[in-house]
Amino acid sequence: MMHSLAKSHAAIVIASVIAVAGILSVRADERSVDCDVETWCCDDPTQEAICAREYLLGDWCGIRPCLQDSGITPFLYYDSITAANVDGGIKADQDFTGQVYAGADLDLETLLGWNRTTLKISTVQRHGDSISPSVGGIYDPMCIFGGQVLFLYQLWLEREVCDNWSIKAGRVSADTDFLNDGLYRYSLSTAINGPIRATLLESTVTSFPFPVWGGRVKYTPDDKHQFQVGAYQIGDDMFDFTKHGLDFSIRSDDGVSILMQYDWTSTVCERPTHLFVGAVNSFFEFDNHDGVGTTDYVLRVYAHLAVEVVPNLTVFGFAANSEQDEVALTPLQVSFGINGKGMFSSRPDDHTMFFATCGDLSDDYGDSIGEAVDHAIVYEVGHRFQVLPSAYIQPALQYIVTPGGTGDIANSTVLGAWVGATF
């Protein structure tokens, strides 16, 4: 039934995107979607074999290239994670969670003649449940859990200005441009996957699929350097999934997070290297752990470094720190990872990964729960089998040390598998 719901939702999203794009194209000056309906026939013997397709459903019987030529690039992804807490934690448990992510990138220069302007619209539908309560940790072992409803997620415009500047604004989450890297997306655990987790634990930013009003300005003077400044709405309702991403209000008691990040992409000792450093400056009335006082400004700094030490083997690490123990749940988080592509010659598109994260819990938080707290550690090892260019399965093992940071919960062993496909 869940799969039927996901498929129905995906079909509705695709139809809606095509309809919106069609309306835009009709309004364009002397522009139209020029599709030959005969190319939509699925009996074309020249269609790629499924084992060679970039997308599981190919070119949608000619619809996809037709849309792309008209300035519309649709996308549709499905992911699911099945996991079991097989030892330790609070209790044994197993569960399944999944999501559909669908939408389109619209080239408004092609559609409407708006020079160097794009519009992104997307929805996310999540379903299932997580074993996280049974593990008892501060990091969820199933990264695609959270807000198990249908969301309107992205709805933003981006305009390139001159040759080196771009401006983005609309409904978005900060991790689209800040605090994130593609290497993180191979982990099943939220200790790695998504934006640097410490910022979410103190509610200074949102992440996929929770949208807020926000935007950023990006300056890219050359291939090595990139500078970004962004501002994003924060507030008590920023993670309220019952609004389905449709709460467009800006309240008088909302706050704002100002993010600044510098990226450097070059080589060190002739090895490809990516470094970014940044800061989150959050202005809001945050409740202190003691339940009495509040803090109206929180600062967190962060850094990431990745080096391809040998061809196709990348080592990376990142850290985030805040000196404000009265608000921060994990004042210091340090993470490390290794990602190797094609470690087995017979499987050149597979990825083999190892991750480790240590989050130091705040003493003030410990005082608030009447416990001495120390740290929580997550180790993860996995292998992504790229079974098709458009589909993968990734078994993984997580070992979680002192899950809640108190030592009262036994170390947990979690087995999981992530399945993903691009349609």
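Biologist: Between which two elements is Ser203 found?
Modeller: This is a predicted model, and the location below is read from it. Phi of Ser203 is near 60°, a positive value in a residue other than glycine. The loop that holds Ser203 runs between helix 5 and strand 6.

Biologist: Is Ser203 buried, partly exposed or exposed?
Modeller: The relative accessibility of Ser203 is 28%. Buried requires under 20% and exposed over 50%, so at 28% Ser203 counts as partly exposed.

Biologist: Which peptide bond is cis, and what is its omega?
Modeller: Pro209 is found in the loop between helix 5 and strand 6 (212-219). The cis bond joins Phe208 and Pro209, with omega at about 5°.

Biologist: Phe208 also belongs to an aromatic cluster; which residues form that cluster?
Modeller: A search of the whole structure finds 20 aromatic pairs. One cluster takes in Phe208 along with Phe75, Tyr77, Tyr101 and Tyr153. The full membership is therefore Phe75, Tyr77, Tyr101, Tyr153 and Phe208.

Biologist: What is the phi of Arg116?
Modeller: Arg116 lies in the loop between helix 3 (108-112) and strand 3 (117-128). Its relative accessible area is 27%, so Arg116 is partly exposed. Arg116 is not a glycine, yet its phi is positive, at about 55°.

Biologist: How are the rings of Tyr392 and Trp418 arranged: stacked, tilted or edge-to-face?
Modeller: The ring centres of Tyr392 and Trp418 are 6.2 Å apart, and the planes meet at 75°. Planes over 60 degrees apart count as edge-to-face. The pair of Tyr392 and Trp418 is therefore edge-to-face.

Biologist: How many residues apart in sequence are Tyr392 and Trp418?
Modeller: Tyr392 belongs to strand 15 (residues 391-401) and Trp418 to strand 16 (residues 410-422). The pair links distant parts of the chain, and its separation is 26 residues.

Biologist: Why does Tyr392 count as buried, and what is the relative accessible area of Trp418?
Modeller: The cut-off for buried is under 20% relative accessible area. Tyr392 is at 13%, so it counts as buried. Trp418 is buried too, with a relative accessible area of 5%.

Biologist: Which residue has its charged end over the ring of Tyr392?
Modeller: The charged end in question lies 3.8 Å from the centre of the Tyr392 ring. It also sits over the ring of Trp418, at 5.3 Å from that centre. The residue over the ring of Tyr392 is Arg384.

Biologist: How far apart in space are Ile377 and Val401, C-alpha to C-alpha?
Modeller: Ile377 lies in strand 14 (residues 375-388). Beyond residues up to four places away in sequence, Ile377 touches Thr357, Cys358, Tyr399, Ile400, Val401 and Thr402. Ile377 and Val401 are 24 residues apart in sequence, and their C-alpha distance is 5.0 Å.

Biologist: Is Ile377 buried or exposed?
Modeller: Buried means under 20% relative accessible area. Ile377 is at 15% relative accessibility, so it counts as buried.

Biologist: Which residues of the largest nonpolar core touch the most other members?
Modeller: This core has 31 residues. Two or more come from each of helix 5 (197-201), strand 7 (225-234), strand 9 (271-287), strand 10 (294-310), strand 11 (313-321) and strand 13 (351-360). Strand 9 gives the most, with 4 residues. The members that touch the most others are Leu179, Leu259 and Tyr302.

Biologist: Which residues does Leu179 contact beyond four places in sequence?
Modeller: The contacts of Leu179 include two fellow core residues, Leu259 and Tyr302. The full list is Tyr184, Gly194, Pro195, Ile196, Thr199, Val205, Leu259, Gln261, Phe276, Val280 and Tyr302.

Biologist: How many residues are in the second, separate core?
Modeller: Among the members of this second core are Ile81, Tyr139, Val378 and Tyr392. The number of residues in this core is 20.

Biologist: What share of the residues counts as buried?
Modeller: The protein has 6 helices and 16 strands. Its accessible surface comes to about 19300 Å², with 59% belonging to carbon and sulfur atoms. Of its 423 residues, the buried share is 49%.

Biologist: Over which stretches is the pLDDT below 50?
Modeller: The mean pLDDT is 90, and 89% of residues reach 70 or more. One low stretch has 45 contacts beyond near neighbours in sequence, and another has 8. Where pLDDT is low, predicted coordinates should not be read in detail. The stretches below 50 are residues 1-33 and residues 36-43.

Key:
Residues are numbered from 1 along each chain as its sequence is written. This is a predicted model: local features need pLDDT of at least 70, side-chain atom pairs count only at pLDDT 80 or more; totals for chains, interfaces and linings use all residues. Side-chain values use heavy atoms; hydrogens and water are left out. A nonpolar core is a set of buried Ala, Val, Leu, Ile, Met, Phe, Trp, Tyr and Cys residues joined through side-chain atoms within 4.5 Å. Buried means under 20% relative accessible area, exposed over 50%, partly exposed in between (1.4 Å probe, protein chains only). Contact means heavy atoms within 4.5 Å. pLDDT is the predictor's confidence in each residue, from 0 to 100. Accessible areas come from the Shrake-Rupley method with a 1.4 Å probe; for residues, only the protein chains shown count as cover. Rings of Phe, Tyr and Trp (its six-membered ring) pair if their centres lie within 6.5 Å; planes under 30 degrees apart count as stacked, over 60 as edge-to-face and the rest as tilted. A charge sits over a ring if NZ of Lys or CZ of Arg is within 6 Å of the ring centre and within 35 degrees of the ring normal.
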